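Biologist: I have a new structure open and don't know my way around it yet. Can you walk me through it?

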Amino acid sequence: MKINRYVKKSLSRKFIFLLSIFAFCFLAGTGVLYYTQKHIYNTYFEEREELVGKSRTARSIYDNYNSVFIDIRGYFAYENESLKENALSKESKIKELTQNLDNSATSAEDRAFVQEIKGFTKFYFDDTLPQMITSYEKGDRNKVKQYANDEGTKKVNEFLQNEVDYATFISTTLNDKVSNVIKKQNYIQIGFIAFILLLLLVMFRIIRVMIKDVGLPLSQFAFAANEIASGKEAEIKVDSKRQDEIGALAVAFKQMTLSIQENEQNLLSQNEELIAQQDELQAQQDELESTLNSLRMNEAKLSRRNSLIHHISTSLDKEEVLESIVVNMSKIIGADRGIIIMTEDGSHSSFGLSASATDQMMDQVNGGIVERLKRYKEGYIVKRELKGDEKGYHLEKSSCHDLHLPILSSENELTAFMVFTRFSGNFHEYEMIEYEALAKQIGVSLEKIKIYEQSDEDRKLNQDILNTVKEGIQLLDVNGTIVQVNDQFRELFPIHAKVNHLRGISFQEWADYVKDSIQNPEDFLSFIEGILKGKDHKDVFCVYTKKETRQVIHVYFEKLYHSGEMAGIVLVHRDITKEFEVDQMKSEFVSTVSHELRTPLASILGFTELMLNKELKTERKQKYLTTILNEAKRLTALINDFLDVQKMESGKQTYEKKYFKLIPLVRNVIENQKVNTDIHDIKIETSIDQDLILGDRSKIEQVFTNLISNAVKYSPNGGDINIRMYPDGYSLIVDIVDNGLGIPPEAVPNIFSKFYRVDNSDRRRIGGTGLGLSIVQEIMRAHEGEVSVSSTFGKGSVFTLIFPMGTNLNEVEQKCLEDHEGNNGHRIMVIEDDSSLADLILTELRDNGFIVQHFVKGREALSAFEHCVPDAVILDILLEKEDGFDGWQIMKFMKDDDRLSSIPIIISSALDEKKKALELGAADYLIKPYQTTHLSNAILHTLLKTGKVGQILIPQDE
């Protein structure tokens with residue numbers, strides 16, 4: 001009995017102990033699994049919330065900085081103070097967000113990114129932005145551009161890239177956390193399954209031990225257990241009231257069966273719960289992946305937007321900006337092709353369009369698309385059927401969607417529009433807000449470019465206007481920095497070889513460049529520094545340069561005021577070298593003329609007084625009278641030179657050009673000059689067959705007289721004077737060569753200037769007014785010729801004349817020339833159809849030494865005018881009108897021809913139309929019959945009175 005009780009107790013305790021261990025292990029394992037899973041989830045959600053907060057804070061910092069950049073650009077573009085204030089007010093918000101991010105920093109990447117933001121904030125708000133605003137408000141836009149180009153843009157791009165890198169780091173960390181949670185969950189599930197299997201295995205082992213220990217009586221329990229394990233109902237045929245281990249086992253078996261069933265239900269419930277949790281985790285993973293994909297898409301879109309904003313904000317080249325707009329916009333909105341067109345000038349750029357499609361689109365600029373955008377000022381979407389080349393190789397019907405977006409100015413006017421096309425899908429209305437926001441940003445950039453182009457055009461126009469001013473213009477600011485100069489200033493101070501650009505250099509730097517080129521640099525710099533400092537100063541200053549050809553520059557100034565404050569000074573540098581030289585020459589001329597006039601006048605007065613007060617012999621009187629005559633001729637020549645210069649300057653000098661041979665004229669001048677010298681040998685050398693030229697004989701004679709006379713005067717030691725004539729193509733060249741004093745090289749450029757005389761004592765003794773060569777040059781120009789000089793100082797000079805060579809003469813012209821050869825009489829043309837009266841007039845005129853041509857018909861006379869120009873015309877009004885010309889028409893023809901308009905006309909007519917004829921410009925009017933001597937007297941009187949210069953005024957209506 002004691003043994004049975006002991007066995008009973010030992011079996012029960014062992015069994016209870018084993019069941020207790022089993023239950024404890026099961027509950028402990030289940031609890032550990034539950035709390036482990038809960039801890040993993042709590043840790044994951046805390047870390048995820050922390051990362052999301054960091055990402056949100058970083059995004060806020062980026063948005064605030066982006067707002068600052070846009071506002072500052074708007075302020076620089078439109079000078080809107082509110083935009084500047086908005087930008088500066090963002091500084092405190094950015095610093096607050098940075099501090100929040102710093103407080104939440106847990107990793108080295110967080111702390112590095114925070115330090116990057118703080119460094120950029122200090123660089124941008126404390127250093128760069130105040131300097132840029134100060135330079136901009138001072139009007140120094142070049143310095144603003146320099147800040148942007150040197151460091152600003154680079155720092156901004158680095159900051160934006162750091163933000164993108166940090167966002168990428170946050171996204172990567174989130175992905176790692178999700179992967180870690182999934183991995184741990186899988187490990188827990190595997191561990192739980194392994195734990196269940198282990199418990200079952202232990203239980204199975206205990207059962208087998210119990211069966212073995214109890215023996216055969218327990219076989220029924222084994223069968224029942226197998227039945228139960230196979231899911232069948234099993235009946236245990238053991239009395240539960242038994243007091244032994246079998247009874248206890250039966251009771252325990254029943255309890256175990258119930259417990260197993262209950263545990264099975266619990267396990268199934270827990271398994272279902274785990275499956276639900278797994279589904280939830282999978283859904284969260286899908287959500288995280290979707291969020292990650294969205295972040296990646298936003299990142300790519302943000303990158304494309306940054307690229308768009310960067311290109312349209314950093315470039316002022318319209319073509320480059322338009323191309324960047326259409327390419328980046330097509331990428332941002334997912335368009336297959338697109339085009340942007342400026343409505344004002346038609347500037348455009350396209351993406352994915354052929355040349356023909358672009359031209360077709362340009363033809364519609366003034367069509368319905370633009371009218372609708374102008375009217376409603378909002379974008380719209382159109383679905384249309386594909387046509388032509390758009391379909392490619394597809395034959396079936398297909399469609400595409402076009403997005404039309406207006407680009408508006410700050411005044412809400414249409415300045416440009418964009419058209420984008422999608423073949424793969426539609427544009428959505430909810431995206432229109434984003435598209436229009438981008439269009440506004442593009443409008444701001446295009447308006448900035450327009451303002452820049454207008455400013456650049458105004459600057460170029462202002463510079464072109466300044467360049468047209470003959471004086472050198474130099475604009476200095478209040479600090480002396482050169483703001484602007486014109487081309488004439490650069491010519492006066494040619495220092496561009498030392499410095500590329502004058503604009504922007506300091507006054508002191510410019511002064512260092514010009515110190516070596518002017519004679520009075522200290523006084524000049526003091527003059528300008530006094531103006532800049534506002535001291536009382538003289539109004540003008542003269543600067544003398546050190547060039548080979550010295551310049552005299554007259555400098556005066558005007559202060560420039562802006563908004564009531566002095567903004568700088570405008571210096572005007574006027575080259576008065578010519579005036580200075582003319583003043584010097586005039587002073588010398590007055591001295592010279594005084595000497596030239598007083599010397600002959602002294603001789604004339606002295607000899608005249610001597611002849612009046614003393615009785616002189618006849619030969620002595622003759623000698624004195626000859627001296628008086630020569631000195632009077634000298635005075636006459638001097639006065640004639642003055643009158644010629646005055647006529648040439650006033651444009652009143654006239655020339656009576658006729659064909660004549662040059663060699664006889666030159667020989668005649670040589671003979672006249674030989675009278676004035678007996679120590680010079682004047683020779684003429686010719687190698688020409690044709691010496692015919694068209695010109696005013698007396699003026700050409702004056703040219704050779706002046707040049708040969710100068711050759712004689714400026715060869716005081718005598719010697720040869722050679723005159724060489726030779727042809728050169730269609731020109732006749734004449735060289736006048738002497739072996740005299742020569743001309744200094746520095747005097748050669750001025751030798752033909754009025755009143756100019758070489759500053760040399762040898763030449764001062766020779767005398768002269770300095771007008772002869774100037775007159776020679778004017779006469780040669782009037783004859784379409786040239787005069788030049790080459791000289792070796794101390795050895796002689798060569799004056800070269802170039803005449804247009806005359807053409808071969810016809811019979812009439814040859815007759816005209818032969819009549820003049822050896823005959824200095826005046827040529828008279830008689831137009832008279834009465835033969836008897838004509839013979840009487842011809843006889844009278846020829847007896848008085850005139851050369852006479854007679855014509856019966858008006859047309860013949862007009863033809864003769866083309867070959868031989870007379871000195872006067874005797875005209876009958878009532879000519880036969882068979883050829884269509886009467887006397888009035890001939891007068892009109894002569895009036896309309898500049899070559900004939902100065903010829904005096906004497907009317908010989910039976911009509912009493914004197915008043916009409918004189919009003920039309922006739923020199924005299926003789927009514928038939930009259931004495932022919934009256935005609936000769938009228939001609940002589942007219943030629944003497946006019947000096948062969950007449951005028952015919954014929955009203956057009958007459």
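**A loop residue, then the rest**

Modeller: We can begin with K377, which is partly exposed, with a relative accessible area of 28%. Keep in mind that this is a predicted model.

Biologist: Where is K377 placed?

Modeller: K377 sits in the loop between α9 (368-376) and β3. Its phi is near 55°, a positive value in a residue other than glycine.

Biologist: What about N412, what is its phi?

Modeller: N412 has a positive phi of about 65°, although it is not a glycine. N412 lies in the loop between β4 and β5.

Biologist: Is N412 buried, exposed or partly exposed?

Modeller: N412 counts as partly exposed because its relative accessibility is 39%, and the partly exposed class runs from 20% to 50%.

Biologist: You mentioned β3, β4 and β5. What order do the strands of that sheet come in?

Modeller: The order is β2-β1-β5-β4-β3: 5 strands in an open sheet, with antiparallel pairing. The edge strands are β2 (348-351) and β3 (380-385), each of which pairs on one side only. From one strand to the next, the twist averages 15°.

Biologist: Which helix packs on the sheet?

Modeller: Helix α8 (residues 355-362) does, touching β1 (337-342), β2 and β5 (414-422). The direction of α8 makes about 40° with that of β1.

Biologist: And how many bridges are there between β3 and β4?

Modeller: β3 pairs with strand β4 (residues 399-408) in the antiparallel sense over 6 bridges. One of the bridge partners to look at is H404 in β4, which is matched with Y380.

Biologist: Zooming out, how many helices and strands does the protein hold?

Modeller: There are 25 helices and 22 strands. The protein has 958 residues, and 41% of them count as buried. Among contacts between residues at least 6 apart in sequence, 64% join residues at least 24 apart.

Biologist: Where is the largest nonpolar core, in terms of elements?

Modeller: The elements that give two or more residues to this core are α16 (662-674), α17, β14 (719-728), β15 (731-737), α19 (772-782), β16 (786-792) and β17 (796-804). The largest share, 7 residues, comes from α17. The core has 39 residues, and L662, I700, F704, V734, L801 and F803 touch the most other members.

Biologist: Why would such residues cluster at all?

Modeller: In soluble globular proteins, nonpolar side chains tend to be buried together.

Biologist: Tell me about α17 then. How many residues does it have?

Modeller: Helix α17 (residues 697-713) has 17 residues and reaches 24 Å from its first C-alpha to its last, close to the 24 Å expected at 1.5 Å a residue. Its buried residues include K699, I700, V703, F704, L707, I708, A711 and V712. K699, Q702, N706 and N710 are among the buried ones too.

Biologist: Is there a general rule behind that kind of spacing?

Modeller: An α-helix has 3.6 residues a turn, so residues three or four places apart point the same way.

Biologist: Which residues does I700 touch?

Modeller: Leaving out residues up to four places away in sequence, I700 touches F660, L662, L665, I693, I779, H783 and F803. Apart from this core lies another, of 34 residues, among them L51, L83, Y124 and V156.

Biologist: Switching to β18. How many of its residues are buried?

Modeller: Strand β18 (residues 827-831) is mostly covered, with 5 of its 5 residues buried. R827, M829 and I831 are on one side and I828 and V830 on the other, and both faces are covered.

Biologist: Why do they split like that?

Modeller: In a regular strand the side chains alternate between the two faces of the sheet.

Biologist: In what sense does β18 pair with β19?

Modeller: β18 and strand β19 (residues 851-855) pair in the parallel sense, over 5 bridges. The bridge partner of I831 in β19 is F855.

Biologist: Last topic, cysteines. How many disulfides does the structure hold?

Modeller: The structure holds 0 disulfides. C400 is buried, with a relative accessible area of 0%, whereas C25 is partly exposed at 31%.

Biologist: And P521, buried or exposed?

Modeller: P521 counts as buried because its relative accessible area is 9%, and buried means under 20%. P521 lies in helix α13 (residues 521-532). P521 and A511 are 10 residues apart in sequence and 8.1 Å apart in space, C-alpha to C-alpha.

Note on methods: Residues numbered from 1 in each chain as written. Predicted model: local features only at pLDDT ≥ 70, side-chain atom pairs only at ≥ 80, totals over all residues. Heavy atoms only, no water. Pairing = 2+ DSSP bridges. Helix = DSSP H or I, 4+ residues; strand = E, 2+ residues; numbered from the N terminus. Axes fitted to C-alpha atoms, helices over the stretch in contact; angles between N-to-C directions. Contact = heavy atoms within 4.5 Å. Expected span 1.5 Å × (residues − 1). Buried < 20%, exposed > 50% of the residue type's maximum accessible area, 1.4 Å probe, protein only. Core = buried A, V, L, I, M, F, W, Y, C linked by side-chain atoms within 4.5 Å. Disulfide = S-S within 2.5 Å.
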